[in-house]
Amino acid sequence: MAAPYLSIVIPVYNEASIVAAAAAELSQGLDARGWDYEILFAENGSRDSTPQILEEMCSKNPRLRWFHSERPNYGTALKAGIEKARGTYVFCDEIDLCDLTFYDAALPVLEKGGADMVVGSKAAKGSSDQRPLVRRVATRVHNGLLRVTLGFQGTDTHGLKAFRREALMPVVARCVVDMDVFASEFVIRAWRQGLRVVEIPIKLHEKRQPSIHLFKRVPNVLKNVGKLVYVIRIRGT
């Protein structure tokens, strides 16, 4: 098949309750816009019926693809999905978001050459973050840690992103951490390498509670941020 104009990469883990409805809603929105696209589901370590649902969905719709990874690992799944994406422009989405207003805002910026990467920020001026207070605070603490340790000047690194595939694939290849911090490393490396990274505010309303509890993620986040600081600050790579 010819490469599509857009690739949408969505990591999924134990999402049997919402994956079919979310995929159908996203596909309908993309079809209504007349865009040539593929949606690539990066399923990782699900223990529910998510793989079976994905297999059935993809068998019925040639615009949908999926692959399986044995271990639950958001960062590894997202990176593999980006590497498998074939579109001129790649969108990294979340199954509990799939907000097409971000697509409508980000794609023209990329097409007009205004940026190499667009980050949908839930902390930028004009954004609306409707998550519980503890998760909003965690986002700001994480971003503050990245600013102090790595000099990051943006307001967000995790969540919605869109980019020119050709420009960002060398950045993906240099990334060394996984889990949640891969998304942060991806944005920070793009910024440090002088690519044009632009933030746009988003209105964030999740369709379900997180599949992994916030406090269970903290040790891995701290470990991977430490590894990232060592690799970039000490080793200079």
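1. Let's start with Val 218: it is partly exposed, with a relative accessible area of 34% (buried means under 20% relative accessible area, exposed over 50%, partly exposed in between, with a 1.4 Å probe and protein chains only). Val 218 sits in helix H8 (helices, H or I of at least four residues, and strands, E of at least two, are DSSP runs numbered from the N terminus). Keep in mind that this is a predicted model, where local features need pLDDT of at least 70, side-chain atom pairs count only at pLDDT 80 or more, and totals for chains, interfaces and linings use all residues. Residues are numbered from 1 along each chain as its sequence is written, and side-chain values use heavy atoms, leaving out hydrogens and water.

2. Val 218 has company: together with Val 134, Leu 145, Phe 215 and Leu 222 it makes a nonpolar surface patch of about 430 Å² accessible area. Patch members have over 30% relative accessible area and no salt bridge; like charges are joined within 9 Å, nonpolar side chains (Val, Leu, Ile, Met, Phe, Trp, Tyr) within 5 Å. Areas come from the Shrake-Rupley method with a 1.4 Å probe, and for residues only the protein chains shown count as cover. H8 gives the most, with 3 residues.

3. Next, look at helix H1. Its buried residues include Val 19, Leu 26 and Leu 30. The buried set covers an arc of only 165° around the axis, which puts them on the same side of H1 (the arc is that of the directions from the helix axis to the C-beta atoms). On the other side, Ala 21, Gln 28 and Ala 32 are exposed.

4. Helix H7 is another story: 10 of its 12 residues are buried, so it is largely enclosed by the rest of the structure. Inside H7, Arg 189 and Glu 185 form a salt bridge, with the closest N and O atoms 2.7 Å apart (that is, a side-chain nitrogen of Lys or Arg within 4 Å of a carboxyl oxygen of Asp or Glu). Being 4 residues apart in H7, the two are separated by about one helical turn. Arg 189 counts as buried at 4% relative accessibility, and Glu 185 does at 0%.

5. The structure holds 11 salt bridges. One of them joins Glu 38 and Arg 65 at 3.1 Å, N to O. Glu 38 is in strand S2 and Arg 65 in strand S3, so the pair ties together parts 27 residues apart in sequence. Glu 38 is buried at 2% relative accessibility, whereas Arg 65 is partly exposed at 27%.
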